[in-house]
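Dear colleague,

I am handing over the structure we spoke about, together with some notes on it. Please look through the model before you read on.

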Amino acid sequence: MKENPYSGMDNSAYRVAYLIAGFIRHTLSEKEHDELDDWVNESDHNMHLFEDLTDEKNLEANLEWMDKVQTEQSYNAMQEKGAFNLPQKKNYNRQIWLAAASVIVLLGVFFVYKYTARKSGSVENIATADTTLLKPGGNRATLTLADGKVIDLTYAKPGLIEDDSTSHVNKTADGELVYVKDSSVTNASALHTLSTPVGGQYQVMLSDGTKVWLNAASTLKYPPAFSVNERKVILTGEAYFEVAKNESKPFRVLVADSTTVVVTGTHFNVNAYQNEKEQQVTLLKGSVTVLNTNNVTKLEPGTQALIKNKTITKSNVADAEEITGWKDGLFVFHDAPIESIMMQLERWYDATIIYKAATKQLFNATIKREEPLTEVLKLLELNGYVHFKIENKTIYVLP
């Protein structure tokens, strides 16, 4: 593993830099916000430095730096040329200035993707083969009807998908599946199955008005019309729910290990992939109850249930966007290990991951999921701790 190029910096300077970068990225916890406020209020110098580093014009300058800084080597070369020199007219702490500049440049990479148009370019050290096989995912799914008929929604034209005695299903021009509400239909024994492949995602509005975003490599089973007494769906993989409120008819989400999420009307995310170490239920709005044969846990907004070996533990959520960003077309990594990141890339780009090196370095970035894989990997290489090689549909993680 390479030596941290910023290990020589004063720890307090790097901590301040981390807090300033987190303030800009909107990823600070309440405690970290208080810590930053205390530092800013310590002196006029601290306040002026904070104002300069968070000034909109200076952020634009940081973006220009980030466009130039593609590797640790080029960063060092720019530093030798004085690219990050302290402005002569400012009497700031040089360690804090350099640390903050480094963190904003190397950890704040999401500004390029969230607020600017990224220029496309070659990625000489990553792509060694035809990368057209590893395209970003998109709206791809199949719908299996109760009679076993399979409809490829990727290519189905907008309009009526099915219209029989149990359901009225339409595909919108935006690629969403919509079940038309019909109070006369209550056949909850029939099940439809919406399945996304690796590299696919899809949205569906169920017959009660509940909206579901289905992530890659996921399956949702549901009746085309719910029964009088309850609303129940079965999930494998990951989905985000906005449940239509109906206190007299609870909404239940069943996952593979017999865990059940019970709600009346709320916004929440369920991650129940079979190859993940644990399952997660994250509540953003409303209230839910997560239960299995061993535990019953009630969640409040901003909390999360972690299910492992049928044991449910409850924790606070530091960054909800990191969990739900996928439904808005974003990869959001906040102090994320490389294994977690590569698992997401594997599902979205339909890739195979092989590790030739291990790293304990954590990564921070927000990147559009529509970006080419090579651009995503290039950003991850910026910290100098990990590199990648692509051969056909395999990504090698290198030291």
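The notes below take up the pocket, a helix, the salt bridges and one histidine.

The model is a predicted one, in which local features need pLDDT of at least 70 and side-chain atom pairs count only at pLDDT 80 or more, while totals for chains, interfaces and linings use all residues. Residues are numbered from 1 along each chain as its sequence is written, and side-chain values use heavy atoms, with hydrogens and water left out.

The largest pocket (an open set of points on a 1 Å grid over the protein atoms alone, where a 1.4 Å probe fits, with protein on both sides within 12 Å along at least five of seven lines) has a volume of about 850 Å³, a volume being the space filled by probe spheres set on the points, which are joined across faces, edges and corners. Its lining (residues with an atom within 4 Å of a point) is made up of 31 residues, and Glu276, Gln280, Glu322, Ser340 and Gln344 are those nearest the centre. The largest share of that lining, six residues, is given by α9; helices here are DSSP runs of H or I with at least four residues, strands are runs of E with at least two, and both are numbered from the N terminus.

The twelve residues of α9 should span 16 Å at 1.5 Å a residue, and the end C-alpha atoms of the helix are indeed 16 Å apart, the expected span being 1.5 Å times one less than the number of residues. Among the buried residues of α9 (under 20% relative accessible area, with exposed meaning over 50% and partly exposed in between, for a 1.4 Å probe and protein chains only) are Ile338, Leu345 and Arg347. Just after this helix, Asp350 takes a positive phi of about 55°.

Nine salt bridges (a side-chain nitrogen of Lys or Arg within 4 Å of a carboxyl oxygen of Asp or Glu) are found in the whole structure. In one of them, the closest N and O atoms of Glu276 and Arg347 are 3.0 Å apart; this pair links distant parts of the chain, with Glu276 in the loop between β14 and β15 and Arg347 in α9, 71 residues apart. Arg347 is buried because its relative accessible area is 10%, whereas Glu276, at 26%, counts as partly exposed. Another salt bridge joins the side chains of Glu230 and Arg252 at 3.4 Å, N to O.

Finally, His192 lies in strand β7 and is buried, with a relative accessible area of 0%.

With best wishes
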